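User: I'd like to learn how to read charged pairs and helix packing in a structure. Can you walk me through it?

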Amino acid sequence: MLIGAVGAVVALVVIVTVFKLMWRVAEPNEALVISGSRHRAEGVGESMGFRIVTGRGTLVTPGVQVVRRLSLDLNEADLDVECVTSQGIPVHVKGVVIFKVGDDAVSIANAARRFLDQQKLMGQRVHNVFAGHLRSIVGGLTVEDMIRDRERLTGETRAASGSEMEKLGLIIDSLQIQEILDPTGYITNLAAPHAAAVQRDARIAAAAADRAATEAEQEAFARKAEATRNSGIQQAGYQAEMDTAAARALQAGPLAQAAARQEVVVQETKVAELEAHRKEQQLQADVRKPADARAYETRTKAEADRDARISAAQALAKETELKAAAEANRVKIAAGAEAEATRARGLAAAEATKATGQAEAAAAEAKGLAQAEAARALGLAEAEAIKARAAALAENQEAVVAQQLAENWPEIVRAGAEAFGNVDHMVLLNGADGMGEMFAKALTMGGTGLGLARQLLSAMNAGGEGGAAVAAPGVTATGAAAKPVSQAIPVQEQQG
């Protein structure tokens with residue numbers, strides 16, 4: 001019994017060990033590729049000679065079958081491709097491809113046949129596939145198309161590579177074009193007009209804001225000045241009211257004194273009247289009967305006295321009132337006259353200063369303009385004269401010399417005639433022939449004078465003294481011509 005139990009345990013251990021050796025489980029992110037016997041996979045069609053297991057376990061015969069694992073994880077391949085656009089502009093395209101082995105049996109079978117022992121090289125293979133298609137697609141696009149529509153570039157590249165990736169048993173999870181570099185600076189130049197426009201708009205906006213701020217500041221300054229002016233006007237009005245009140249206060253004292261004095265006079269008059277009436281009653285009571293005449297006389301005198309005092313009091317009150325009114329009017333008129341005089345003097349001084357400054361500025365400006373205009377006119381006239389004479393001399397020296405000789409010919413003849421002034425008698429030999437010979441020599445001397453004048457003008461023109469030569473050719477030519485004539489006539493006389 002014991003041996004049978006031990007044998008059963010041993011048999012069970014052996015069975016478990018063998019089962020563990022033969023049982024293989026595929027992880028969720030891998031596929032088991034079992035080779036060594038012919039098997040038929042679902043959806044593959046013909047027998048592949050190996051079996052694919054995903055997501056479950058399977059029995060494997062050790063020594064007969066071989067189990068290998070194919071990763072179904074995501075893989076990443078970096079794209080770094082040199083391309084040329086349809087415009088002939090080289091660009092550098094950088095991107096990333098995220099791919100994996102397909103989950104279906106066909107994709108796993110295709111990937112197993114190509115990458116089972118080279119799974120680390122899958123990224124390089126994918127890069128080569130996408131690089132070729134990316135160069136082909138970029139060659140048909142412009143730089144502007146690539147920048148503005150990257151989705152088109154991505155979609156066309158993914159569609160073109162899809163069939164080849166399917167043959168490799170791979171599927172594309174994501175394709176991203178990360179960066180487009182331009183070694184020639186074409187993209188930078190494309191952005192330059194837009195950047196310049198943005199900078200222009202920014203400068204315009206800043207200038208507009210600055211202008212608005214300046215206008216606001218100026219308006220604030222204007223309001224401040226207006227408030228200051230209004231405050232000054234109000235203060236001046238208050239000061240005028242205070243001065244008026246002070247003047248009235250000064251006038252109130254004399255008026256009050258005059259009124260008080262008038263009241264005193266009235267009261268004194270009333271007292272006097274009462275006193276007189278009392279005395280009259282006293283007199284009437286004491287001596288009415290004995291001295292009617294004397295009482296009448298006394299009453300008459302008292303009434304006269306009373307009337308005189310009343311008149312005097314009234315006259316004094318009227319005089320005091322008139323004096324107070326006159327003094328008040330005088331003070332008021334004097335204050336008004338002083339204010340008007342002060343204002344008039346200020347206005348007159350300001351107008352005089354302004355008129356003097358304007359007159360001096362206008363005089364200085366007119367004088368400067370007149371001097372500048374005169375100097376300019378003189379310079380232009382001299383320049384035009386020099387230019388005209390220089391042009392005439394350059395074009396036809398013969399004409400200029402002839403004109404100068406013609407203008408000064410009377411002086412030349414007069415200088416030649418002076419030689420005959422000291423000759424008392426002249427004898428001409430050979431008659432008419434001698435006369436002709438004398439005139440021929442005179443003409444020869446005139447031609448010599450003309451040649452000398454021409455040489456003088458040419459020498460002065462060549463020496464850079466064109467302005468002086470043209471300005472005074474007549475005097476020089478006259479002196480040169482007159483001298484040979486005055487010297488030649490006596491020679492003729494001696495020869496004769």
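Analyst: We'll take salt bridges first and then one pair of packed helices, keeping in mind that this is a predicted model.

User: Okay, what's the general idea behind a salt bridge, and how many salt bridges does a search of the whole structure find?

Analyst: Side chains of opposite charge can pair when their charged atoms come close. Here, searching the whole structure turns up 12 salt bridges. One of them joins the side chains of Glu156 and Arg152, at 3.1 Å from N to O.

User: Where do Glu156 and Arg152 sit relative to each other in helix α5?

Analyst: Both are in helix α5, which covers residues 150-167, and they are four residues apart, so about one helical turn separates them.

User: And are Glu156 and Arg152 buried or exposed?

Analyst: Somewhere in between. Glu156 has a relative accessible area of 31%, so it's partly exposed. Arg152 is partly exposed too, at 36%.

User: Can you show me some in another helix?

Analyst: Sure, try helix α6, residues 186-287, where Arg223 and Glu219 lie four residues apart, about one turn of the helix. Their side chains form a salt bridge at 2.7 Å, N to O. Arg223 is exposed because its relative accessible area of 55% is over the 50% cut-off, while Glu219, at 42%, is partly exposed.

Another salt bridge links the side chains of Glu275 and Arg278, with 2.4 Å from N to O. These two are three residues apart in helix α6, so again about one helical turn lies between them. Glu275 comes out partly exposed at 33%, and Arg278 is partly exposed at 45%.

User: Now the packing. How do I describe two helices that touch?

Analyst: Two packed helices are described by the angle between their axes and the distance between the axes. Take helix α3, residues 122-138, against α5: the angle is about 135 degrees and the axes are 9 Å apart. That makes α3 and α5 oblique to each other, and their crossing is right-handed.

User: Which residues in α3 and α5 meet?

Analyst: From α3 you have Val126, Val129, Phe130, His133, Leu134, Ile137 and Val138. On the α5 side they meet Leu153, Glu156, Thr157, Ala160, Ser161, Glu164 and Met165. Sorted by class, this contact has nine nonpolar, three polar and two charged residues.

User: Wait, Glu156 has come up before, hasn't it?

Analyst: Good catch. Glu156 is in the contact with α3, and its side chain also meets Arg152 in a salt bridge.

Notes. Residues numbered from 1 in each chain as written. Predicted model: local features only at pLDDT ≥ 70, side-chain atom pairs only at ≥ 80, totals over all residues. Heavy atoms only, no water. Salt bridge = Lys/Arg side-chain N within 4 Å of Asp/Glu carboxyl O. Buried < 20%, exposed > 50% of the residue type's maximum accessible area, 1.4 Å probe, protein only. Axes fitted to C-alpha atoms, helices over the stretch in contact; angles between N-to-C directions. Parallel < 35°, antiparallel > 145°, perpendicular 65-115°, else oblique. Left-handed = near helix turned anticlockwise from the far one by under 90°. Contact = heavy atoms within 4.5 Å. Nonpolar A, V, L, I, M, F, W, Y, C, P; charged D, E, K, R; others polar.
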